[in-house]
Structure formats: structure tokens, C-alpha cells
Amino acid sequence: MTDNSDSTDSAELEQGDSSSGIVLGATAGGGGAGSAEMVNIPNPIEGIFDNVDPTPGSKKPDEILVAKNVVRRFGGLTAVDVAEVRIQRGAITALIGPNGAGKTTFFNLLTGFDAPDEGHVELNGTSIDGVASHKLAARGMVRTFQLTKALSKLTVLDNMKLGAKDQPGEKFLTALFTPAWRGRENKVEAQARALLDRFNMTHMADEFAGTLSGGQRKLVEMARALMTEPELVMLDEPMAGVNPALTQSLLGHVKQLRAEGRTVIFVEHDMDVVRDISDWVVVMAEGKIIAEGTPDAIAANQAVVDAYLGSHHDTDLTFEEEE
Amino acid sequence: MNWDIILTQFFSQSIGVNAMVFAMAAIGLNIHFGYTGLLNFGHVGFMAAGAYGVGMTVFWLDQSFWLGLVVGVLFCVALALLLGVPTLRLRSDYLGITTIAASEALRIFVRWRGNRERTGASEGINDFADDFFALNIFDKPGNQSYRFFFFEYRAQDLWMMVVGWSLVLLFVLLNWQLVRSPWGRVLKSIREDEDAARALGKNAYSYKMQALVLGGVIGGVAGMMQVIAKQSVQPDTFNPVITFLIWTVLIIGGVGKVWSPVAGSIIYWALISGLITFMRELIGTDLSDTLETWLNLSILNVDQLRFVIFGFTLMMLMWFRPQGIFGSREEMALDDR
Ligand SMILES: Nc1ncnc2c1ncn2[C@@H]1O[C@H](COP(=O)(O)OP(=O)(O)OP(=O)(O)O)[C@@H](O)[C@H]1O
Ligand SMILES: [Mg+2]
């Protein structure tokens, strides 16, 4: 899917004759406008980016996450070298960039799954440098993985319940006395079933997660992440491998998160999706943030187009430059 | 051919002291591997730690047997921490390599001559559990052996079995309660995918450590039962083959199910004892010349046959029922998706 959507973007870009920006946005209307349910989802932060400077590392009115000088090297390769990036609270921020740009690595650094060689990250104004990944969930940050991690031999319902916070029965001694955790467990189960219902997965609740299809796993992983009642949700390619109809409903769920006041950062290759749901776009290429801006501005940004085309279509790029 | 002896061996050994010890050890291994996904290839090391804990307390420190039981448990906790601290943050195979090496190192260390005053070296420690057998309710003058149907036991073994199987039941119940609790759910999630568990806020390292300690202590208690029954701690009874027999027992029963260690152990010991006795009897008949000529089988090497039979049975099991007695094929199939 990754390759597929990438080549779609590129194909659209190639067709461009005058300004690539127009072409980037050309199909957005067709793919983007969703079902009626989605149209009604309010956007509480509408217009908040109006006065934000569209340059890499620009200040936002209310920042939830700030990363500075984050560098990660693998041997000779510098996978991530982000000078500065600031994420607006309550908004949907898209992180885009060609394959191998360092998006997943950057996610790993932000979520404590990998340690940067240099740099600082702040969540809600406090440093989370060196904070273990499992502690970040308690601080309101949760992530999903590009390669979906369904817990195969747990039922879908158990997958969901695992996400719950404050379950005293997760302590060894408390676990021995059912009455000490039964009450919380019942609440957790109700919450899990409500979320499954929202994701239209109720019929799969008692199946092993390992029996789900790839797209269903994406849904369960996202729903499971929401069980932690996160403030900040980080989704690594949530729509990859998901069919168009399901993509629409996933987009609806993401907008719903924003309507609930949560912050979303997601990695995505499909520009239609990006234009449809994101309030702000951050572009990575070769480990660096090369551009930031509203989806429309990014679509018209020559540096972005170069980054995408440059990595795959050197000849086309020369052709455009000659024009 | 004396069928009475064969059946007596078959039935008696099915729930005998050995079956009890292996069932208990396998419960510990099941918590490690079946529920948490920890590769422990040195389970016999925990058995040794428990056994020497009680033995050394009596023999070396000259303290009471009962205190020895506590020391045995502490030895197991210490061994689990020693193994877990450096390896549990790494990939699962590191623990596997470390455990197998540590259990062998432990065996070689305790049998080292320089440790004679502490561990008894290669002679081991004998007659340290009199306090335990002083409580034997079956030990009545003139009645040293009990028989019911095809089950036949000495008073000493019967007392051991009553205590041991009670402990097994206790551990099974503990296991059952834990794996139905949210704590057990976290263990299973770590077995399935540690990173997913961490992303959801679970401290995978801490849970793996708890599981390693718990399973290790249960393995250690099994080791204590084994040496108490024989009133003898010998370094060479804790050789790596034991670890693999425990794995066999667990696989027969079905990995990751509460009752499988018990079922696996009963089946293993019933079959192996029944078959070996059967072969012995067979050698006693007029077939003995044929067996000697064709299979080179005599009363001298018939015991070796247990591994041949067992390897074959295990192969058949893997072929026809890879999930074990209690395992579910559906669950197993999920591994391939
Ligand atoms: N553990 C690792 N060891 C060595 N190199 C790595 C490692 N992880 C990532 N890289 C390299 O870092 C670069 C960035 O990889 P990353 O997975 O972050 O890209 P990405 O932007 O997520 O790409 P995609 O869109 O394909 O998912 C790649 O060149 C990759 O080969
Ligand atoms: Mg990626």
C-alpha cells in the first residue's frame, strides 16, 4: 500500500504541466468528501493556524509537543536530524515524506521506543528525554505501529481491555483477589465494548485478534490505543492497507478524536487523506523537516514536490526545472 | 509375562513422586514460556537452587530444615534476578542462552571439590529431611507399604505425594487465578508483542521479571520435593536432560494451559514406566534371544530404551497433535498468520 499510494502521488505530480501544486490538490475533492456522518463532525480548532508562520519549527499558539535538535544516526546514516518541530494541541498534524525519510524513526524517538543521539523533547512543557516508553502512556501519549501489532492469541476484547489505565489487578498481589479488581474490570469492559461498537467491530469481540484481516487489525489497534484515554495520539500510517470505504470511516474516527479535544499526529502517504483531515502538515525528507504549512500550501510547495519527485523521478524533475 | 508388575508400575508411577515433581516444575516453566514467552532452557538450575537451598542450610549452616525451605525459595529468587537483570531487556534468545549456561555452571560449581563443606561436592548431602518425615502420618509400625488397586507405595513416598500433590494443586490454582486476572493479561500481551504492551503503558521488563521469579520459585519448590523424597541432594541429578524432560512434559500437555503440566507429567511417567517394565518382562520371556540378536536388547541396556521410545512418541505427538493434550489447534494456527 505504501508503495502504491506513493506512486499514485507521483503519477499525479507527473501529469502537472504548469504548477505541480494544482495537480497535487486536483483529486482531493473526489477522494476526500466523505459520508454524511463525517460532515457533521465539528472542528473545534478551526482557523487556529491562520496566523502561524508556515516555516519549519514555527511557533504554535498552544504547543503540546516540542522537539529540538533531535538526531538519530544508524552507523553512517543520519536517519533523523530535526532542528525544531512544534505541535499544536487539539489539531490533526500530518507527517509526510518519501519512503525512508525518517518518519517512523522520528516517531520512535518521540515515543521512547528509540533513544536519540542528541536532542530534547517536551510534552506539555516538561522534558520527556530518556523517559521509558511505557511511562508515556500514563502521561497521555499513545502510539500505533506502521506494522500493526495485534496481540494474536488474545481476543479482540482482551486486546481492548489491555489498553485501560488504572487497573489495580495488573499488580501481582492485587491480581490474586478478584474482588479487588472486578469492579474496575467491569467498567473497562463497558468502555471497551463501547469503543468496539464505535469502530463497528462488536461482532469480532470474542474472536482471537490473530484471525482479523489486516484492515481490521488497524481498526483494533487504533481503538485499543484509545482505551488509554490519550491526550496525544500518534498514528503511523493508520490507513495503509485499508480499503477505501473503511478509510472513510477511519478518517471519521480521527476527526472525532479532534472533536473530543485530543491531539493527533499521523504519518500518511496518501495526499487526498492528508488534505481531507489534517489541519497542519509537516514534511520530512532525508531526516530533516523541509516544510510546514496548511495542506493547501504544502500541496503548492515546490520544495515538497522536489522531495517527493527527487527521490523517485530524477528525470521528471529535470524536465520540470527546464520548464 | 507378569502383567501385574507392568500395570502396577504404570499406575503407581502415573501419580508417583516423580510425576508430582515434574508436574510442579512444568507449572513453573509454563508460567515462563507458556504465558510470558520467556525461553528458559535451564529450568533445572532453579530446581538445583531450591534443592541446595534446603540441603545447605541443614548441612553447612546447621540450621533447621524448615528454615532451609525458606532459604531454598530465596536462592531461586536470587537466581531469577541474576538471570533476568542483564537479559530481560534484550531479545528473548539471550535469556535462553544464559539460562542453559547458568544451570550447567551451577551444577559444576556445587560439585566442585573446594565446596565439600558447603555442598558436599560430588557426594552431595544426605539425610537432611528427617524433620519432614517425622510428620509422616502413614509411617506406622508394621505398615510400611500401601496398596490399592494397581497403586502401590511405600509410606515415605505416600507422605511425599500427599504433600507434593497438594502443592501442585495450590500452584495450579494460583496459576489459574493469575492468568484470568489483568496481571495475566499483561503477561500474555508481552508474550504476543512486547512493544505493543509497552505502547499501552505496561512495564514489560518488570512483568517479565515477576514471571521469571514466580516460575523459578515454583521450579525450585519442585527441586526441593525431589531431593526431600530421596533424602539426598546430588549434583548430577540436576543435569540438562532434566530441563528437556520438563519441556517434553509441558509440550505433551499443551503449552499455555493451566492443567497441561499435570496431565503431561502423568502421561509421561505412566507411559515411560509402563513401557520400560513391559520391555523388561519381554526380555524375561523366551523372546529374549530374538531381542538380543535383532535389537541387541538385554536387561543391561533396556533402560536406555526410554529415550528412544520417548523421542518416537514425541515425534508422533508433533505429527498428529502438535498443540498437546489441552492446547487448541486454532490458537496454534494463529502463529503462522
Ligand atoms: N534500526 C535501524 N537500523 C539501521 N537503519 C535504520 C533503522 N531504522 C531505520 N533505519 C533507516 O533510517 C531511514 C529512515 O527509516 P524510517 O523507517 O524512519 O523511514 P519512514 O519515513 O518511516 O519510511 P516509510 O514511509 O517507508 O515508512 C531509512 O533509511 C532506514 O533504512
Ligand atoms: Mg515508516
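A pocket, as I use the word here, is an open set of grid points with protein on both sides within 12 Å along at least five of seven lines, and its lining residues have an atom within 4 Å of a point. The model I am working from is predicted.

**Entry 1: largest pocket**

I looked up the largest pocket and noted a volume of about 1100 Å³. Of its 49 lining residues, those closest to the centre are Lys153(A), Phe33(B), Gly34(B), Arg191(B) and Glu192(B). I then asked which helices of chain B each supply at least two residues of this lining. They are H2 (17-36), H5 (92-110), H8 (155-180), H9 (182-192) and H16 (329-333). H9(B) gives the most, with 5 residues. By class I recorded 19 nonpolar, 14 polar and 16 charged residues in the lining of the largest pocket.

**Entry 2: second largest pocket**

For the second largest pocket I have a volume of about 640 Å³. Its lining holds 29 residues, and nearest its centre lie Gln13(B), Asn18(B), Trp269(B), Ser273(B) and Arg306(B). The elements of chain B that each supply at least two residues include helix H1 (3-14), strand E3 (151-154), helix H12 (240-253) and helix H15 (305-320). H2 and H8 of chain B are also among the elements that each supply at least two residues here, and both appear in the corresponding list for the largest pocket. I noted H13(B) as the element that gives the most to the lining of the second largest pocket, with 7 residues. The classes there are 13 nonpolar, 9 polar and 7 charged.

**Entry 3: cavities**

I turned to closed spaces next. I counted 7 cavities of 30 Å³ or more. The largest cavity has a volume of about 80 Å³. Among the residues that line it are Leu65(A), Val85(A), Ile87(A), Phe106(A), Ile265(A) and Val282(A). Strand E2 (77-88), strand E3 (92-96) and helix H5 (103-110) of chain A give two or more residues each to this lining. E3(A) gives the most, with 3 residues. I recorded 9 nonpolar residues, 1 polar and no charged in the lining of the largest cavity.

The second largest cavity has a volume of about 60 Å³. I listed its lining residues, including Thr144(A), Lys218(A), Glu221(A), Asp236(A), Glu237(A) and Leu250(A). Helix H10 (214-226) and strand E7 (232-236) of chain A give two or more residues each to the lining of the second largest cavity. H10(A) has the largest share, 3 residues. How many charged residues are in this lining? I found 4, beside 5 nonpolar and 1 polar.

**Entry 4: nonpolar cores**

The largest nonpolar core has 140 residues, and those that touch the most other members are Ile96(A), Met20(B), Met24(B), Phe128(B), Met160(B), Ile228(B) and Phe238(B). Helix H11 (204-230) of chain B gives the most to this core, with 17 residues. I followed Phe128(B) further: leaving aside neighbours within four places in sequence, its contacts include Val54(B), Val58(B), Phe65(B), Val227(B), Ile228(B) and Val233(B). A second, separate core of 32 residues includes Val85(A), Ile87(A), Leu109(A) and Val121(A). Val85(A) and Ile87(A) had already come up in the lining of the largest cavity.

**Entry 5: aromatic pairs**

My search of the whole structure gave 23 aromatic pairs over all chains. One of them joins Phe11(B) and Phe151(B), edge-to-face, at 5.5 Å centre to centre and 65° between the planes. The partners lie in distant parts of the chain, Phe11(B) in helix H1 and Phe151(B) in strand E3 of chain B, 140 residues apart. Is each ring buried or exposed? Phe151(B) has a relative accessible area of 18%, so I class it as buried. Phe11(B), at 24%, is partly exposed, because the cut-off for buried is under 20%. Both belong to one aromatic cluster with Phe10(B), Phe149(B) and Phe150(B).

**Entry 6: Leu291(B)**

I checked Leu291(B) last. Leu291(B) sits in helix H14 (288-295) of chain B and is buried, with a relative accessible area of 11%. Not counting residues up to four places away in sequence, Leu291(B) touches Leu282(B), Ile283(B), Asn296(B) and Leu297(B). From Leu291(B) to Arg191(B) I have 100 residues in sequence and 48 Å in space, C-alpha to C-alpha. Arg191(B) is one of the residues closest to the centre of the largest pocket.

Conventions
Residues numbered from 1 in each chain as written. Chains lettered and ligands numbered in written order. Predicted model: local features only at pLDDT ≥ 70, side-chain atom pairs only at ≥ 80, totals over all residues. Heavy atoms only, no water. 1 Å grid on protein atoms, 1.4 Å probe; cavity = no way out; pocket = protein on both sides within 12 Å on 5 of 7 lines; lining within 4 Å. Points joined across faces, edges and corners; volume = space filled by probe spheres on them. Helix = DSSP H or I, 4+ residues; strand = E, 2+ residues; numbered from the N terminus. Nonpolar A, V, L, I, M, F, W, Y, C, P; charged D, E, K, R; others polar. Buried < 20%, exposed > 50% of the residue type's maximum accessible area, 1.4 Å probe, protein only. Contact = heavy atoms within 4.5 Å. Core = buried A, V, L, I, M, F, W, Y, C linked by side-chain atoms within 4.5 Å. Phe/Tyr/Trp six-rings, centres within 6.5 Å; stacked < 30°, edge-to-face > 60°.
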